[in-house]
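Q: Could you walk me through this structure, one feature at a time? I would like to learn how to read each kind of feature and then see the case at hand.

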Amino acid sequence: QVQLVESGGGLVQPGGSLRLSCAASGSIFSIYTMGWYRQAPGKQRELVATITTLGSTNYADSVKGRFTISRGNAKNTVHLQMNSLKPEDTAVYYCNADILDYTSNRGAYWGQGTQVTVSS
């Protein structure tokens, strides 16, 4: 069983910062690309940022220069530092990871989501 658990969401004023974290646990042999996605009310889930095992990153145009994705030293964690937050960043943020487990099954796993609300 593989689990992704997110933390760090909340309410913040425009211009503020939040840091999201996600930890993967369970029967994990290897973790490949990890990333963050978000879904605002009435909209489709969209990519926010991804990071590979080698540290290559990819960002949505809407967050470039404001958000930074990183992986922890243990490589089973991923963080999203969000600065200069805007009301349009309000969404449920989901952690995603490409994982190979000990039964040789590889697939995409999702966390339960954490709410980020940017409002004055």
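A: Gladly! Keep in mind that this is a predicted model. Let us take Arg38 and its surroundings as a starting point: Arg38 touches Gln44, Arg45, Glu46, Val48, Ser62, Val63, Phe67, Glu88, Asp89, Ala91, Val92 and Tyr93, leaving out residues up to four places away in sequence.

Q: Where does Arg38 sit, and is Arg38 buried or exposed?

A: Arg38 belongs to strand 4, which spans residues 28-39. Because its relative accessible area is 6%, under the 20% limit, Arg38 counts as buried.

Q: Which side chains make polar contacts with the side chain of Arg38?

A: Two acidic residues come up here. The side chain of Glu46 makes a polar contact with that of Arg38 at 2.7 Å, and the side chain of Asp89 is joined to that of Arg38 by a polar contact of 3.0 Å.

Q: Gln44 is on the contact list of Arg38. Is Gln44 buried or exposed?

A: Gln44 has a relative accessible area of 72%, over the 50% limit, so it is exposed. You will find Gln44 in the loop between strand 4 and strand 5. Its contacts, leaving aside neighbours within four places in sequence, are Arg38 and Gln39.

Q: Let us turn to disulfides. How many are there, and which residues are joined?

A: The general idea is that a disulfide is a covalent bond between the sulfur atoms of two cysteines. Here the count is one. The link runs from Cys22 to Cys95, with 2.1 Å from S to S, and it is left-handed, with -80° about the S-S bond. Cys22 lies in strand 3 (residues 18-26) and Cys95 in strand 9 (residues 91-101), so the link ties together parts that are 73 residues apart in sequence. Both cysteines are buried.

Q: What about the nonpolar core: which residues touch the most other members?

A: The largest nonpolar core holds 30 residues, and Trp36, Leu80, Met82 and Tyr93 touch the most other members. Several strands give two or more residues to this core, including strand 1 (2-7), strand 5 (46-51) and strand 11 (114-118). Strand 9 contributes the most, with five residues. As for Met82, its contacts beyond four places in sequence include Leu18, Leu20, Phe67, Tyr93 and Val116.

Q: How should I read a sheet, and what strand order can I find here?

A: Strands of a sheet pair through backbone hydrogen bonds, either parallel or antiparallel. One open sheet in this model has four strands in the order 1-3-8-7, with antiparallel pairing. Strand 1 and strand 7 are the edge strands, each pairing on one side only. On average, neighbouring strands of this sheet are turned by 15° against each other, direction ignored.

Q: How many bridges connect strand 7 and strand 8, and what lies between these strands?

A: Strand 7 and strand 8 pair in the antiparallel sense over five bridges. They form a hairpin with five residues between them, and Lys75 in the turn has a positive phi of about 65°. For the register, look at Phe67, whose bridge partner in strand 8 is Met82, and at Thr68, which stands opposite Gln81 in strand 8.

Q: Which residues of strand 7 lie on the covered face, and which on the uncovered one?

A: Phe67, Ile69 and Arg71 make up the covered face of strand 7, while Thr68 and Ser70 are on the uncovered one. Phe67 also brings us back to our starting point, as one of the residues that Arg38 touches.

Technical notes. Residues are numbered from 1 along each chain as its sequence is written. This is a predicted model: local features need pLDDT of at least 70, side-chain atom pairs count only at pLDDT 80 or more; totals for chains, interfaces and linings use all residues. Side-chain values use heavy atoms; hydrogens and water are left out. Buried means under 20% relative accessible area, exposed over 50%, partly exposed in between (1.4 Å probe, protein chains only). A polar contact is a pair of N or O atoms within 3.5 Å; within protein, one must be able to donate a hydrogen and the other to accept it, and residues adjacent in sequence count only if both atoms are side-chain atoms. Contact means heavy atoms within 4.5 Å. A disulfide is a pair of cysteine sulfur atoms within 2.5 Å. A nonpolar core is a set of buried Ala, Val, Leu, Ile, Met, Phe, Trp, Tyr and Cys residues joined through side-chain atoms within 4.5 Å. Two strands pair if DSSP finds at least two bridges between them. Axes are lines fitted to C-alpha atoms, for helices over the stretch in contact, and angles run from 0 to 180 degrees between N-to-C directions.
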